[in-house]
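Visitor: Can you walk me through this model? Keep it brisk, please.

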Number of protein chains: 4
Amino acid sequence: MISFESDYNNGAHPQIIRRLSETNSETAPGYGADRFCESAKEKICRAIGKDNLQVEFLVGGTQTNAIVISTMLSDNEGVLSAKTGHINLHEGGAIEYTGHKVTELEQKNGKILIPELKKYLSDFFADENHEHMVAPGMVYISHPTEYGTLYTKEELTCISKICREYGISLFLDGARLGYGLLSRETDVSLKDIAELCDVFYIGGTKVGALCGEAVVFTRNNKPKHFLTSIKKRGALLAKGRLLGIQFDTLFTDNLYFEISKNAIDKAETLKELFRSRRFKFFIDSPTNQQFVILDNSVMKKLGEKVSFSYWEKYDENSTVVRFATSWATTDDDLKSLSEILDEVI
Amino acid sequence: MISFESDYNNGAHPQIIRRLSETNSETAPGYGADRFCESAKEKICRAIGKDNLQVEFLVGGTQTNAIVISTMLSDNEGVLSAKTGHINLHEGGAIEYTGHKVTELEQKNGKILIPELKKYLSDFFADENHEHMVAPGMVYISHPTEYGTLYTKEELTCISKICREYGISLFLDGARLGYGLLSRETDVSLKDIAELCDVFYIGGTKVGALCGEAVVFTRNNKPKHFLTSIKKRGALLAKGRLLGIQFDTLFTDNLYFEISKNAIDKAETLKELFRSRRFKFFIDSPTNQQFVILDNSVMKKLGEKVSFSYWEKYDENSTVVRFATSWATTDDDLKSLSEILDEVI
Amino acid sequence: MISFESDYNNGAHPQIIRRLSETNSETAPGYGADRFCESAKEKICRAIGKDNLQVEFLVGGTQTNAIVISTMLSDNEGVLSAKTGHINLHEGGAIEYTGHKVTELEQKNGKILIPELKKYLSDFFADENHEHMVAPGMVYISHPTEYGTLYTKEELTCISKICREYGISLFLDGARLGYGLLSRETDVSLKDIAELCDVFYIGGTKVGALCGEAVVFTRNNKPKHFLTSIKKRGALLAKGRLLGIQFDTLFTDNLYFEISKNAIDKAETLKELFRSRRFKFFIDSPTNQQFVILDNSVMKKLGEKVSFSYWEKYDENSTVVRFATSWATTDDDLKSLSEILDEVI
Amino acid sequence: MISFESDYNNGAHPQIIRRLSETNSETAPGYGADRFCESAKEKICRAIGKDNLQVEFLVGGTQTNAIVISTMLSDNEGVLSAKTGHINLHEGGAIEYTGHKVTELEQKNGKILIPELKKYLSDFFADENHEHMVAPGMVYISHPTEYGTLYTKEELTCISKICREYGISLFLDGARLGYGLLSRETDVSLKDIAELCDVFYIGGTKVGALCGEAVVFTRNNKPKHFLTSIKKRGALLAKGRLLGIQFDTLFTDNLYFEISKNAIDKAETLKELFRSRRFKFFIDSPTNQQFVILDNSVMKKLGEKVSFSYWEKYDENSTVVRFATSWATTDDDLKSLSEILDEVI
């Protein structure tokens with residue numbers, strides 16, 4: 001069975017396994033004070049091309065979202081998110097568990113609607129009763145979004161400007177950031193993100209690592225005593241080297257970008273496989289997640305030979321499913337898919 | 001200046017002040033173990049007309065919502081609410097502070113749309129990923145709603161049935177319950193509510209008391225060690241008698257219902273005052289809150305002589321404002337309003 | 001049955017009931033924006049004799065402790081308390097519920113041992129691993145303590161100095177503050193407290209009010225958006241006037257101090273009643289709580305005619321019990337007690 | 001520099017790295033639903049020698065403590081721990097962050113004093129005011145303790161009995177469990193622990209893994225919806241295989257026990273190195289952590305060639321330091337240490 005189910009169903013990029021093996025017998029201090037973390041942080045800063053960045057490593061995406069949001073918000077504040085945002089729908093209430101509200105904004109294709117954001121903020125501060133309400137303290141976006149879509153540089157700039165006007169933080173969830181940066185249809189660079197956002201993270205789990213997300217604070221705004229806050233949330237890894245080695249490897253010789261490019265190339269081929277066979281897409285995604293509408297009978301047959309994710313019901317007879325490529329997807333995977341598609345139709 | 005700004009801008013019903021005075025020199029055990037609380041609980045049960053009810057007194061509405069919700073939900077659960085629900089918009093994130101998510105449902109005139117509720121629940125349990133999501137553990141409604149509207153008995157019955165089908169609790173916020181029960185356009189009785197809901201409260205703060213809400217658990221479902229949970233949330237009143245005496249008074253000789261009726265009678269007269277002068281209503285409210293659309297120039301002039309609440313902008317030239325009557329509104333207040341309206345137009 | 005069980009078993013001082021009655025028909029804005037709160041705040045500042053104080057009213061003691069502590073601490077911080085501190089033992093975990101640790105310090109007669117405090121702080125900051133530990137962010141003391149004892153001015157000054165040296169807040173729980181200030185054996189004034197502490201509160205619940213505590217921030221250090229933080233914790237009283245009127249009354253014509261003096265005078269007489277009959281005291285308390293050691297047989301007989309509180313087992317044959325006087329204790333109460341003591345021995 | 005600083009300063013056991021490499025290209029479902037986790041669970045159950053165990057994998061120790069404690073306690077409950085317990089001192093307040101109190105008990109050499117535990121529980125339930133207090137809902141112990149000491153089977157049995165008598169859970173933190181089980185001075189087996197405790201965990205991070213702890217619920221008492229609770233706490237690893245593969249390897253061919261034995265053998269040799277040179281021990285530890293008292297001058301010279309952990313000041317001239325052996329300690333390490341000791345004295 002070939003797998004397009006998700007971008008975290010493989011192990012790690014072989015180079016990571018190799019480095020884990022090579023460095024294994026070395027002793028290193030715990031809790032992120034090792035030389036691998038240090039080196040990885042430097043390389044990440046170099047890849048971004050900016051100084052004065054503060055980089056910290058955490059284990060997973062939900063954990064990172066909860067820690068960043070809860071340590072950056074004030075007591076009276078909450079976070080604004082697209083209704084479809086990962087923090088709003090798929091994190092089991094992890095943000096609320098920290099005592100902060102996620103306020104939904106209307107969205108389209110996974111992206112916050114900028115006029116909605118503007119309206120929300122201006123209405124909020126115009127409301128005489130707003131001291132009884134949760135103050136907006138942060139805007140959360142993901143890039144790519146849950147639907148694989150991307151903000152344009154203009155959109156990001158605009159959201160960033162709004163946030164600064166109101167004095168609130170802009171946080172970009174980059175769990176799949178590589179796949180966004182390497183999209184053929186983006187004008188947003190890593191440096192742009194570092195300039196426009198107050199904090200963001202570079203996802204490792206879905207882009208070649210066994211685990212790990214690299215959080216970047218862009219304005220010397222890392223919360224004070226951040227290590228204690230991480231510990232308090234049960235997220236401080238004793239062997240921080242595991243994260244350091246992985247990100248050091250990913251940011252050596254451009255690996256992170258190259259493997260991200262592989263996912264995009266494969267996604268474009270996959271798109272073409274479906275498009276040429278007259279399948280319809282639920283959404284036009286320029287990244288590694290592709291949302292295809294399948295007749296239920298086709299879906300059933302296809303599902304016997306290929307794994308993919310159920311997304312949602314489209315209508316009585318058809319269903320939206322997701323095919324995800326990744327750093328690990330091969331030409332052979334796509335060749336097999338092509339053959340199976342021919343069989344199935 | 002005559003006041004229609006809210007239903008909690010007066011002191012208490014004079015009978016309550018009298019009883020506080022009469023009982024003042026009596027000593028009584030603390031934390032709700034006094035004879036006044038006991039008597040009040042009995043009278044409330046009698047007013048409801050059901051046995052086996054568990055009644056507890058708390059100080060205020062947001063406090064009650066947070067305590068009821070957080071003690072009744074399991075760790076993996078959240079609460080469903082109309083987008084306009086008080087817990088979702090106007091409690092400063094008090095529910096999220098307890099670690100539980102408030103999930104918004106579409107609404108109309110402050111009421112949950114029943115098909116939306118059904119759809120949400122059936123979609124949730126159909127979703128293969130629902131273990132990554134906050135499980136719906138409770139439906140929160142208010143009656144009257146934020147917009148003064150009321151559920152019909154048929155609607156309440158239907159929501160109750162849905163909740164039982166899915167094994168989740170139905171919680172009715174009755175901060176203004178008296179004004180709902182005495183509405184001329186309701187077919188819902190206090191007993192109906194006790195039969196259809198798992199837990200609800202009878203608001204005192206907005207219906208004649210200085211403070212206080214009476215929570216009623218209808219199925220022997222009061223959370224275990226509830227007193228400790230109240231203490232843990234900083235909500236245990238040392239002199240519980242203050243709540244006991246007030247509710248004992250409100251439920252003696254039908255006082256709660258009579259003063260609620262006064263608010264309704266006055267609201268109907270107020271409605272007529274505006275209607276006969278061709279003012280438009282934003283919503284058709286059968287309770288004590290009336291939402292009138294005022295030309296901005298009229299609003300300004302009126303605001304010099306009458307206090308009311310700003311609600312929201314209607315269009316460039318006009319605004320929605322709220323007039324609230326209460327147990328304390330008098331014929332004189334309405335007569336003055338009538339005269340002022342004539343002046344202002 | 002005459003009652004010495006606690007200092008919150010009576011209603012309110014009659015003057016408070018009178019003022020509630022007199023002001024009852026007045027309308028007033030909600031949430032503490034009323035003229036009574038304003039007036040009360042001014043009078044409290046005058047009584048303290050300092051400018052630039054920020055005063056806020058809350059409903060009860062545990063609520064106040066939880067709100068002050070959780071809004072003043074940073075994420076990585078906890079609060080230091082005597083092992084016997086109210087927040088450590090008798091608040092159902094209300095502080096921990098806000099996500100902050102209470103760290104116990106050794107105590108004597110309810111008072112923090114100053115050398116212990118010093119040692120704790122110097123050890124903490126000397127520990128290389130202290131980033132893995134909860135940082136001390138506040139010292140909590142109560143005055144009087146749980147055992148009715150008082151800090152001397154020298155002790156308070158010393159604790160205050162230590163706190164400033166380490167940059168942490170000093171918070172004084174004054175649930176029974178009046179009884180401390182009017183003790184015949186204290187050299188600590190209200191002004192001293194305002195100068196030495198960063199925040200403290202003047203208890204109303206146990207000193208003549210139905211409910212209410214007046215929090216005083218002494219260095220323009222009221223947490224930002226404090227009203228929203230109060231709301232978020234379910235503690236914002238809609239009819240804030242209830243607190244304003246009570247504190248306005250207590251701080252008119254010296255009432256708070258006069259009724260506190262009554263409790264002290266009665267406590268001194270009570271002490272004498274026991275002392276002259278050769279009863280032993282568990283502790284030497286200069287305030288309104290007296291801890292007497294009773295033979296179990298005496299305790300039983302006495303308990304039939306007088307109410308008091310069980311404190312702890314002293315030995316096989318005797319028990320420590322607490323007699324509390326209050327603003328409401330009368331000469332007649334003591335005369336009766338004297339007679340009963342004679343009967344019982 | 002040879003390292004005895006801690007037992008988590010090395011990479012993983014080489015066999016784990018090998019397995020990660022061998023299985024790397026395999027695809028596997030996320031979130032612990034992979035075949036490696038399943039196999040690891042089976043092998044762990046077999047190693048314990050009991051049926052009906054529920055095993056779950058988490059990433060780190062503090063995380064595991066916080067999740068187990070917060071999902072097993074009721075709202076009104078807290079956890080009892082030795083004053084020196086890891087959860088009480090070195091987890092940055094992670095337990096309190098979940099809203100539950102850690103109550104300190106007196107200890108000796110890191111172990112709860114059983115009479116203290118008994119007294120605490122009997123006093124608590126005798127206290128008439130205990131509804132105002134945090135109820136003891138769980139006893140937390142670690143084995144080995146923070147001081148490397150071990151409970152005897154008799155002690156464990158006794159604590160277990162007390163817990164059952166009071167209906168509270170017994171939770172054993174086994175972050176270093178291997179080193180406890182393989183101690184030459186223990187009579188406690190893995191099966192004993194499974195029989196006496198309600199929940200415990202088998203530490204991976206400090207016993208050969210890169211990360212990972214295996215939680216074992218022994219009475220079908222895994223909290224409902226545990227996966228959602230893990231997600232809610234940001235602790236659900238997307239690539240659960242990382243934990244599955246490691247524990248599968250550790251529990252294949254007895255590896256976990258063999259490498260634990262290595263640490264013990266090396267610790268015994270290390271003890272002898274110091275003992276034969278007349279060094280004094282701070283505590284008599286039968287496991288892999290050895291606490292030696294060093295003259296400050298010796299400490300300084302030794303510290304230039306060997307890394308160890310500062311523990312605490314012993315007196316003006318000497319200091320307690322910790323030497324930890326591990327699965328990775330070699331004969332060569334000890335030979336070097338021996339030579340360095342000779343140089344230094």
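**Chain A and its contacts**

Guide: Of the 345 residues of chain A, 58% count as buried, meaning that 20 or more other C-beta atoms, placed from the backbone, lie within 10 Å of the residue's own (exposed is 12 or fewer, partly exposed in between). This is a predicted model, where local features need pLDDT of at least 70, side-chain atom pairs count only at pLDDT 80 or more, and totals for chains, interfaces and linings use all residues. Residues are numbered from 1 along each chain as its sequence is written, while chains are lettered from A and ligands numbered from 1 in the order in which they are written.

Visitor: What is the secondary structure of chain A?

Guide: Chain A has 14 helices and 15 strands. These are DSSP runs numbered from the N terminus: helices are H or I with at least four residues, strands E with at least two.

Visitor: And what does the C-alpha trace span?

Guide: About 60 × 60 × 35 Å along the principal axes of chain A. Its radius of gyration is 21 Å, which agrees with the value near 20 Å for a compact globule of 345 residues. That radius is taken over C-alpha atoms, and the globule rule is 2.2 Å times the number of residues to the power 0.38.

Visitor: New topic. Where does Phe308(A) lie?

Guide: In the loop between β13 (306-307) and β14 (309-315) of chain A.

Visitor: Is Phe308(A) buried or exposed?

Guide: Phe308(A) counts as buried, because it has 21 C-beta neighbours inside 10 Å.

Visitor: Which residues is Phe308(A) in contact with?

Guide: Setting aside neighbours within four places in sequence, they are Phe4(A), Glu5(A), Val321(A), Arg322(A) and Phe323(A). Contact means C-beta atoms, placed from the backbone, within 7 Å.

Visitor: Now the interface. How many residues does the contact take from chain A and chain D?

Guide: It takes 42 from chain A and 43 from chain D. On the chain A side, α1 (14-22), α3 (61-72), α5 (94-97) and α10 (226-232) each supply at least two residues. α1(A) gives the most, with 4 residues.

Visitor: What about residue class on the side of chain A that touches chain D?

Guide: There are 18 nonpolar, 19 polar and 5 charged residues. Ala, Val, Leu, Ile, Met, Phe, Trp, Tyr, Cys and Pro count as nonpolar, Asp, Glu, Lys and Arg as charged, and the others, Gly among them, as polar.

Visitor: Which rotation superposes chain A on chain D?

Guide: One of 180 degrees, with 0.0 Å of shift along its axis and an RMSD of 0.0 Å. That is the relation of a two-fold axis. The fit is by least squares on C-alpha atoms of residues with pLDDT of at least 70 in both copies.

Methods: Contact = placed C-beta atoms within 7 Å.
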